[in-house]
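Me: I've got a protein model open and I keep tripping over the vocabulary. Could you go through it with me and explain how each word is earned?

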Amino acid sequence: MLPRCRLLLSTSIKSESWLEASQVHFRRFRSNISRQPRDSYYSSQTETPPFPDNRNQRGSFKNVGRSNPQHVMKQKKGHILDGFSARDASDTLSIMQKQARKWADLPHVHRRLESFGVPRTDVQPLLSIFAREVNSGLLQDPVEQKKFHVERFVLTTKELNQGLRLDQILTQLFYSWASDPERQEYLLKSVQRSTLEQISHLYSTADTSYPADLYPRARSMRRKVIMHVGPTNSGKTHMALRALAAAKTGVYSGPLRLLAHEIWDRLNKGQIVPLGMDPDPDSEPDTSTNMDIIEDGVSSPTVRKDGKAKYARECNLRTGEEFRIVSEYAGLVSCTVEMTSFNLPVEVAVVDEIQMLADPDRGSAWTAAVLGLPAEELHLCGEEVAVPIVQALLNDTDDELFINRYERLTPLTVQDESLEGDFSRVQKGDCLVAFSRSGIFALKRKVEGSTGLRCAVAYGRLPPEIRAEQAALFNNPHSGYDVMIGSDAIGMGLNLKIKRIIFETLHKFDGTTERPLSVSQIKQIAGRAGRYGLHGEPGGFVTTLHAHDLSMLHSAISCQPDPIMFAGISPTLPWAESVLQALPVDASHQTLMEVAPYVSNVRPPCRAFVPPKVEERSKFVETHAKNMKLYDKLLIGGAPMNWRDPLAIEFTARLCQIYNDVIRVPIMDALRVGPYIELLESVEDMMFGGKSSAGAPSQALITLEGLHKSLVLYLWLSYRLPVAFYQSEEAYALKERTEKALDWCLRNVSTRVADRQPVNFGLRIRPEAEDGVEYRRTPFARQQEESNRELAVKYAKLLNSQKRSSRG
């Protein structure tokens, strides 16, 4: 039997011989012979999904909106266990006791246990016995509480009426209970021994009780962990970055590509004065930074506007879709937190926005950084609410913890009056905040129509490069853009010279229902007002558009931020491999993804969250990546794409189809789906021709945003499967063209047509021209191995062709 091969096309191929490497690829071809692709989302008979063909003549935008319609926010049906009553988190055990019988009778609970490998005939007997014991007071016994680690079942305040979380903790308790050797003795009277062995095997295999043990390099050293905590505009990252600049080896891990890029740029140019070095007198401070390090008014600033060679440090950049290699031997790396490496020890590591370790989507990356970075000094920068969770995480690491607290440098004042819905009261320097794309553009039209002021925009779906460009327009007093309209995307990573924040609403749609913003969210956004020293006089203001929201704003600003209860963790690839072996042979991708939150024994303060859009992701993987290896399935399932966008799904399906058929994926072949290229060329025609049809920019924005996301996805894959997704340079060039087109569209979406900017605008964020730092996008090692890999693929195809011919 041939050995299983998980990772075939990534940089892990180290063979000295191209012939030997080709055998690896040949196994992949042979494993897929005679396999019929599973029915696609749309039809097993056609490659084209039933979307209308909206590709038009160049310059025409007649049906652009139909190709990627905006989704109407609908209320999703709640979980069947929703609606239980609770006073506070201490009621968790009594809630579990009251709801156990109802939970045990739910059909989806039976189906889930069957998918985990429990025979159908044994599901009902086990659940009946379990529910009876829980109802009889199992969770009230202190001995049983200790045995089952009931502290992990605590419901937070936000979860007191969430049936999904109750479903998870009852399933976790069930697996702990059914795996208990003492109980298995009498359970054998009702179910098969093999059933109990299957339950115990999956429970022990999925155990994630001690995530700190996953990082042996970090555990081999006693680290000095320094937390820098405080509100927005407190300068909390200042000393951490100076320590990084002084280190021989180090890493910056941030939440956004723009922040990682900024640190990379400043370190290479010598704009950050290293700790231990005296800054030059009378140098000018840099007030354009996106970081919390403003030093205006200081005669010798340590974050300089102009770089100096004696402060410069060689630093490489590594993000999900881009590498910038200044030197193969650079001691420093600036990266997004998901790209943090845990292999090489460093002197200093800086992890920014540490409170994000509680984020259900990305929090596991911050948790991994806290536990796994092998740094002599680990600096964690963020909000005060993260301190208790970090302290709890470090209980298992034997590290030293020091906490430095900072105060806001300027006051933040909640105004006594709202705008009363009167847009004519909007002033220069204001930022209006809304929480939907359509709402942002509606505000833009109303403000421009009522005041004559021109508005820049920034929202989450907009590429980071364009958000930064819009911020630059708002900050430039001579650009003509005096007001910013934004979403909560302004709360992190953008330097905005905002005098006043105006909330259109204090509620946000979370994918299921409209919910009020948390105190932390309100404070994070409001704190962007009054950046230190940017308005002549210190201080910022915040208010609401409508009077009925003002009291809630006053209350939130005066309250302490919501406490963080858990740090997210995600399964690793070795964990997934082991768990897959413990599941039935036909286990689906969704079943694998649900093991961690429903089965694993995860001790506080950690929690395994259900992956967002898990049903959509798993359906896609089972449809388009059915025959891929586990690594590839996990890669595709975790890809950064919009799972609600039909064109994004169609594009990713095309990537998978080409990858399965011929391995090598040309970017233009993949982009033949949808109207992407035709639309880009149409916008470019209007840009360079200086003409614009009515409504064209606003209609084109949605599709151009989708094109940009698709190109980012290709680049993201190119750094993980470089042989297959080999046209990274071509994708990067297309991405830059798309950014220019997006910027042009945004500048032309205005009621003040006469004031539109000329086409020759010039984006500030340009790689070679603006950075002033020489770099490459690929390391030498990858360039040297590329020819061998290409030969390996060609030879694998030849062997596969010969094998098929001999069978025929």
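**Words and the values behind them**

Reply: Sure, let's start in a loop: F435 sits between β10 (430–433) and α15 (437–451). Keep in mind that this is a predicted model.

Me: Why is F435 called buried or exposed, whichever it is?

Reply: Buried means a relative accessible area under 20%. F435 has 13%, so F435 counts as buried.

Me: What does F435 touch, leaving out residues up to four places away in sequence?

Reply: F435 touches D488, T505, H507, K508, L517 and I525. The word "touches" here means heavy atoms within 4.5 Å. There's also Y459, 24 residues along the chain from F435, with the two C-alpha atoms separated by 8.4 Å.

Me: OK, what about D265: where is it, and is it buried or exposed?

Reply: D265 lies in helix α12 (residues 257–269). Its relative accessible area is 13%, so with the cut-off at under 20% D265 is buried. D265 and E314 are 49 residues apart in sequence, while their C-alpha atoms are 9.8 Å apart in space.

Me: And what makes N642 "partly exposed"?

Reply: Buried is under 20% and exposed is over 50%, with partly exposed in between. N642 comes out at 25%, so it gets the middle label. You'll find N642 in the loop between α22 (630–637) and α23 (646–662). Setting aside residues up to four places away in sequence, N642 touches R461 and A648. From N642 to K613 it's 29 residues in sequence and 9.7 Å in space, C-alpha to C-alpha.

Me: How do you know that the buried residues of α18 line one face of the helix?

Reply: First, the list: in α18 (residues 550–558) the buried ones are L550, L553, A556 and I557. Looking down the axis, those residues fall within an arc of 125 degrees, so they line one face. The general rule behind this is that an α-helix has 3.6 residues a turn, so residues three or four places apart point the same way.

Me: What's on the face of α18 turned away from the buried side, and what covers the buried residues?

Reply: The face turned away carries the exposed residues S551 and S558. The cover over the buried residues includes β9 (412–414), β13 (500–503), α17 (519–526) and β16 (540–544).

Me: What is there to say about how α7 and α9 cross?

Reply: Two packed helices are described by the angle between their axes and the distance between the axes. For α7 (residues 163–178) and α9 (residues 193–205), the axes come within 9 Å and cross at roughly 120 degrees. The crossing is left-handed. On the α7 side the contact is made by Y175, S176 and A178, and on the α9 side by L196, I199, S200, L202 and Y203.

Me: How many residues of that contact are nonpolar, polar or charged?

Reply: There are 6 nonpolar, 2 polar and no charged residues in the contact of α7 with α9.

Me: What makes the phi of H149 and the phi of E353 worth pointing out?

Reply: Most residues other than glycine have a negative phi, and most peptide bonds are trans. The phi of H149 is near 50 degrees, a positive value in a residue other than glycine. E353 has a positive phi too, near 55 degrees, and is likewise not a glycine. H149 is in the loop between α6 (142–147) and α7, and E353 is in the loop between β6 (346–351) and α13 (363–372).

Me: Which label, buried or partly exposed, goes with H149, and which with E353?

Reply: H149 has a relative accessible area of 29%, which lands between 20% and 50%, so H149 is partly exposed. E353 has 14%, under the 20% cut-off, so E353 is buried.

Me: You brought up trans bonds. What is the peptide bond from P604 to P605, cis or trans?

Reply: That bond is cis, with omega near 10 degrees. P605 is in the loop between α20 (589–598) and β18 (606–608).

Me: Last one, the whole protein: how many helices and strands are there, and what share of residues is buried?

Reply: The protein has 29 helices and 18 strands. Of its 808 residues, 56% count as buried. The accessible surface is about 34,500 Å², and 50% of that belongs to carbon and sulfur atoms.

Key: Residues are numbered from 1 along each chain as its sequence is written. This is a predicted model: local features need pLDDT of at least 70, side-chain atom pairs count only at pLDDT 80 or more; totals for chains, interfaces and linings use all residues. Side-chain values use heavy atoms; hydrogens and water are left out. Axes are lines fitted to C-alpha atoms, for helices over the stretch in contact, and angles run from 0 to 180 degrees between N-to-C directions. Helices (H or I, at least four residues) and strands (E, at least two) are DSSP runs, numbered from the N terminus. A crossing is left-handed if the near helix is turned anticlockwise from the far one by less than a right angle, and right-handed if clockwise. Ala, Val, Leu, Ile, Met, Phe, Trp, Tyr, Cys and Pro count as nonpolar, Asp, Glu, Lys and Arg as charged, and the others, Gly among them, as polar. Buried means under 20% relative accessible area, exposed over 50%, partly exposed in between (1.4 Å probe, protein chains only). Accessible areas come from the Shrake-Rupley method with a 1.4 Å probe; for residues, only the protein chains shown count as cover. The arc is that of the directions from the helix axis to the C-beta atoms.
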